[in-house]
Amino acid sequence: MLTAIIFIIVLGVLVCVHEFGHFIFAKRAGMRVDEFGFGFPPRLWGKKKGETTYSINLIPFGGFVKILGEEGEYRNDPRSFSAKPFGAKLKVIVAGVTMNFLLAVFLLMLVNFLGLRIGIIDAQTAALAQDKQIQIIQVAENSPADSAGLQLLDEIKGFRVGGMTTVVGTVEETQYLIKQNVGKPVIALIERNGEPIEKEITPRTDPPQGEGALGISLALTGVVSYPWYEAVWRGVYDAVIIAINTVIGYGLLFKSLIFEGRLIADVSGPIGIANLTGQAARIGLNYLMQFTALISINLAILNILPFPALDGGRAVLIIVEKLKGSPVNKRIEQGINTVGFALLLSLMVYVTFKDIVRLF
């Protein structure tokens, strides 16, 4: 239940920021905005302020801004979307995507300033890092660690063997102690969410290939933060790098979908994203902000794709209208958008089914 609530809050922030971009640029262009809605109808609550109704609707997965004339009607009304010049309409369309990217930049600035626990892989990072820990970053199924109840991100403080306690300070020390006690029961001294825990565990003498004696992967981690002036440019840099990798990821996705007729294995729908959101929230607020920034950039890239029913598809139609000097035939436009929406819905149903199978 808590995961669902957190996911709905995160989704609400992303949707409201996206739609606010459309809303504010439509207002600035002198367009009449009839409704700003969170979720999709039926409507649960609404309040009219000025000429705009602000509503909360039953289906929370989305939102909308209803602008006069956005479907091509009311071309003689100076306050309609369709009556405005090319530049104003294009700005309104891409404003939602821009706001999602700016939200990601802001969140990543905060994360860089407040600090985030990361893996220490070089001397420079080691010098910056505080509160260094040896953490479990992977637990193999059916391994001694799995059977003993060790979990992802548990901190290993040391081991007790035959009444003698040894505190570890590096990954190498930890691995050496485990290797020295294969086949013998040892007490692993763990810290989980600030609570000390002891787990009895016996390292395997003959582990499967690719797994260690305990069946865990370890990493030295530390909290790294930056002064505000450095956090600003790092936030922008991180957002750009994530955006580039997201574009590459979508390219691979559509390549496999079009040429191989399948989706790559790690595509997640709403259920999978909700589950990941809950995991990020349990680790800490900073991780939740980082994950929200990642989703926001994904939402921006997805929406700007030149695909029917998305902002990018609408932008293409506006550009076509500008080039041909006359409006696009409404029946053709509606047909294109209907097909595009049906394809998106089919894809959503498919990835949601995969999420359910993955969970159970």
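**Strand pairing, ring contacts and a surface patch**

Tutor: Val-139 stands opposite Ile-216 in β9. The model under discussion is predicted.

Student: What makes strand β4 and β9 a pair?

Tutor: Pairing requires at least two bridges. Strand β4 (residues 130–139) is joined to β9 by 7 bridges, so the criterion is met. The two strands run antiparallel.

Student: How do you know that strand β3 also pairs with strand β9?

Tutor: Strand β3 (residues 116–119) and strand β9 (residues 216–224) share 4 bridges in the antiparallel sense, and the requirement is at least two, so they count as paired. Within this pairing, Arg-117 stands opposite Val-223 in β9.

Student: Why is Arg-234 said to lie over the face of Tyr-226?

Tutor: The distance limit from the ring centre is 6 Å, and a charge must also be within 35 degrees of the ring normal. Arg-234 is at 4.0 Å from the centre of the Tyr-226 ring, and therefore satisfies the distance limit.

Student: What places the charged end of Arg-314 over the ring of Phe-81?

Tutor: Its distance from the ring centre is 5.9 Å, which is within the 6 Å limit, so this contact also meets the distance condition.

Student: Why is Ile-248 called partly exposed?

Tutor: Buried means under 20% relative accessible area and exposed means over 50%. Ile-248 has 49% relative accessibility and therefore falls in between.

Student: What makes Ile-248 eligible for a nonpolar surface patch?

Tutor: Patch residues need over 30% relative accessible area and no salt bridge. Ile-248, in helix α6 (residues 228–259), has 49% and so passes the area threshold. The patch, which also includes Trp-233 and Leu-252, has about 730 Å² of accessible area together.

Notes
Residues numbered from 1 in each chain as written. Predicted model: local features only at pLDDT ≥ 70, side-chain atom pairs only at ≥ 80, totals over all residues. Heavy atoms only, no water. Patch = residues over 30% accessible without salt bridge, like charges linked within 9 Å, V, L, I, M, F, W, Y side chains within 5 Å. Areas by Shrake-Rupley, 256 points an atom, 1.4 Å probe, with all protein chains shown as cover. Salt bridge = Lys/Arg side-chain N within 4 Å of Asp/Glu carboxyl O. Buried < 20%, exposed > 50% of the residue type's maximum accessible area, 1.4 Å probe, protein only.
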